[in-house]
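This report describes the arrangement of strands and helices in a single model. The sheet is treated first, followed by the helices and selected residues.

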Amino acid sequence: MIITGGKFKGRKILAPDEKITRPTLSKVREGVFNVLFSEIGNFEGKSFLDVFGGSGIIGLEALSRGFDDVMVFEKNLKSAQVIKKNYQAVGVELNLKIGDSLKLIEKLDKKFDVIYIDPPYFSGVYETVLDKIKNIAANSIIVVEHSENLNLGDFKLIKEKNYGGKRVSFLTLE
C-alpha cells in the first residue's frame with residue numbers, strides 16, 4: 001500500500017494479513033480526505049481518531065495531510081505490530097491504544113475533529129460504535145466506511161460517496 005497524499009505521499013507501508021483486515025483502497029482514502037478538506041479546510045491543529053486501525057494507513061494519511069494529533073485503536077495484536085512498523089518506517093510518533101475499540105471509546109474524555117469508523121464488515125457494531133462516540137462527537141465529523149445500511153440515530157448525514165460495493169458516509173451529531 002502507498003500513502004496517497006501529503007508530505008508522505010508515495011511512501012510504501014505494510015498491510016496485515018488480508019484474513020485479518022481489508023485496508024481501505026487508495027481511491028477511497030483520497031475521496032475521504034478530499035471531502036474532509038472541503039468540510040473543515042486546513043487540517044493543521046486538528047485531531048483524528050481511527051477507531052479500527054487495521055494497517056494504520058488512515059491515521060498515516062491523516063498525519064501526512066497535516067492533522068496534528070492522530071490516535072489509533074486496534075484490537076488485533078498482529079495488526080497492532082504492523083501499525084507500529086508502519087509508523088516507525090515513516091518516522092512519526094504513534095499514539096496507539098491496543099484493545100477493544102468499544103471499551104477504549106468509553107475511557108476517552110477527549111473530543112476529536114474527525115472520527116473514522118471502519119470496523120470489520122458485517123460485524124454488526126456500527127450502531128453500537130455510533131452510540132458510544134456520542135460523548136466525544138460534538139462538533140466532529142464522523143466518517144463511516146460500510147457496505148450495509150446504517151441506522152443513524154442521533155447523527156445527521158452530511159454526504160455519502162459510493163465506491164463499488166463500499167459506501168463512505170460523513171455524519172455530524174445533531
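## Basis of the description

Two strands are taken to pair if DSSP finds at least two bridges between them. Helices (H or I, at least four residues) and strands (E, at least two) are DSSP runs, numbered from the N terminus.

The model is predicted, so local features need pLDDT of at least 70 and side-chain atom pairs count only at pLDDT 80 or more, while totals for chains, interfaces and linings use all residues. Residues are numbered from 1 along each chain as its sequence is written, and side-chain values use heavy atoms, with hydrogens and water left out.

## The sheet

Seven strands form an open sheet in the order S3-S2-S1-S4-S5-S7-S6, and their pairing is mixed. Strands S3 (96–98) and S6 (155–163) occupy the edges with a single partner strand each, so one side of each has no neighbour in the sheet. From one strand to the next, the twist averages 15 degrees.

Strand S1 (residues 47–50) pairs with strand S2 (residues 69–74) in the parallel sense over four bridges, and Phe 48 has Val 70 as its bridge partner in S2. S1 also runs parallel to strand S4 (residues 114–117), to which three bridges join it; here Asp 50 stands opposite Tyr 116. S2 in turn pairs with S3 in the parallel sense over three bridges, with Ile 98 in S3 as the bridge partner of Glu 74. S4 and S5 likewise pair in the parallel sense, over four bridges, and Tyr 116 stands opposite Val 143 in S5.

## Faces of S1 and S4

In a regular strand the side chains alternate between the two faces of the sheet. In S1, Ser 47 and Leu 49 point one way and Phe 48 and Asp 50 the other, and all are buried; buried denotes under 20% relative accessible area, exposed over 50% and partly exposed in between (1.4 Å probe, protein chains only). S4 is covered on both faces: Val 114 and Tyr 116 on one side, and Ile 115 and Ile 117 on the other, are all buried.

## Helix H2 and its partner H3

Helix H2 (residues 57–64) combines with S1 and S2 in a right-handed β-α-β unit. A crossover is called right-handed if, with the strands pointing away from the viewer, the path from the first strand over the helix to the second runs clockwise.

The axes of H2 and helix H3 (residues 77–90) come within 10 Å and cross at roughly 25 degrees; axes are lines fitted to C-alpha atoms, for helices over the stretch in contact, and angles run from 0 to 180 degrees between N-to-C directions. H2 and H3 are therefore roughly parallel, a term for angles under 35 degrees, with over 145 counted as roughly antiparallel, 65 to 115 as roughly perpendicular and the rest as oblique. Gly 59, Leu 60 and Leu 63 in H2 meet Asn 86, Tyr 87 and Val 90 in H3, where contact means heavy atoms within 4.5 Å.

## Two individual residues

Leu 60 lies in H2 and counts as buried because its relative accessibility is 0%. Leaving aside neighbours within four places in sequence, Leu 60 is in contact with Ile 3, Phe 8, Ile 13, Asn 86, Tyr 87, Val 90 and Val 92.

Asn 139 lies in the loop between helix H5 (126–132) and S5. Although Asn 139 is not a glycine, it has a positive phi of about 65 degrees. With 79% relative accessibility, Asn 139 counts as exposed.
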